[in-house]
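Colleague: Please take a close look at one helix and the core it packs into. Keep it plain, and give the cut-offs.

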Amino acid sequence: MQCPVCDHPDSRVVDSRSVESPAEPAVRRRRECEACGHRFTTFERIEFRLPTILKRDGRRQAFSRDKLLAGLRLACRKRPVTEDQLEDVVVRVEKELSRRADREVPTREVGDIALAALRGLDAVAYLRFASVYRAFEGPLDFLNVVGPLLDGLADPKPRSDG
Ligand SMILES: [Zn+2]
C-alpha cells in the first residue's frame with residue numbers, strides 16, 4: 001500500500017482488526033510507511049462471490065440482496081423486527097451463499113437460509129416468509145414449517161427456582 005505522504009510503495013501493517021458492521025464486513029488496517037514512518041489507515045471491504053440463483057421456472061438470475069431485503073421487509077411488516085436485524089439476515093444469507101458460489105442455488109435454498117435466520121427473530125414473520133418462499137400448496141406444507149416452531153415452544157426452559 002502506497003504511502004499517501006511520500007508515495008513510497010511499501011508500508012508495514014502495525015495493527016489489523018475487523019470492523020463490526022454486519023452490513024459491510026471490513027478489515028481496518030493501521031499501516032506505517034517504510035520510508036518516512038507516516039502512519040495511515042486503510043479499510044478492506046469483503047466482497048462476497050455469490051452463486052447464480054436457479055428460479056422455480058428454470059430461469060437463472062444473479063442473487064439480488066435488494067429483492068431478498070424487500071421480501072423480508074414485507075414479511076416483517078408491523079412486526080418488532082428492526083432494519084438492522086433484517087440486514088443481519090441478508091448478510092447471513094450472503095455468507096452462506098458465498099460458500100456455494102461454484103454451483104447454481106435454487107430459490108428455495110436461499111429461502112431456507114433466510115428462514116433459518118428469521119426463525120429466531122419473529123415467528124409471524126417466519127411463517128409469512130415461509131409461505132412465500134416455499135410456495136405453500138397445502139396444509140402439510142404449512143405444518144412442516146410450523147412444526148419446528150412448536151418444538152421450540154415445547155422446550156422447557158431450565159427453572160432457576162428449583
Ligand atoms: Zn511515506
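Modeller: The buried residues of helix α4 (residues 123–133) are A125, Y126, F129, A130 and Y133. Buried means under 20% relative accessible area, with a 1.4 Å probe and protein chains only; helices are DSSP runs of H or I, at least four residues, numbered from the N terminus. Seen down the axis of α4, these buried residues fall within an arc of 130°, so they line one face of the helix. The arc is that of the directions from the helix axis to the C-beta atoms. An α-helix has 3.6 residues a turn, so residues three or four places apart point the same way.

This is a predicted model: local features need pLDDT of at least 70, side-chain atom pairs count only at pLDDT 80 or more, and totals for chains, interfaces and linings use all residues. Residues are numbered from 1 along each chain as its sequence is written, and side-chain values use heavy atoms, leaving out hydrogens and water.

At the N-terminal end of α4, D122 acts as a cap, with a side-chain oxygen 3.3 Å from the backbone nitrogen of V124.

F129 also belongs to the largest nonpolar core, which has 26 residues. Such a core is a set of buried Ala, Val, Leu, Ile, Met, Phe, Trp, Tyr and Cys residues joined through side-chain atoms within 4.5 Å. The members that touch the most others are F63, L68, L72, V93, L97, V110 and F129. Two or more residues each come from α1 (65–75), α2 (83–98), α3 (107–119) and α4; α3 gives the most, with six.

Leaving aside residues up to four places away in sequence, L68 touches F63, V90, V93, A114, F129 and Y133, where contact means heavy atoms within 4.5 Å.

Notes
Buried means under 20% relative accessible area, exposed over 50%, partly exposed in between (1.4 Å probe, protein chains only). A polar contact is a pair of N or O atoms within 3.5 Å; within protein, one must be able to donate a hydrogen and the other to accept it, and residues adjacent in sequence count only if both atoms are side-chain atoms.
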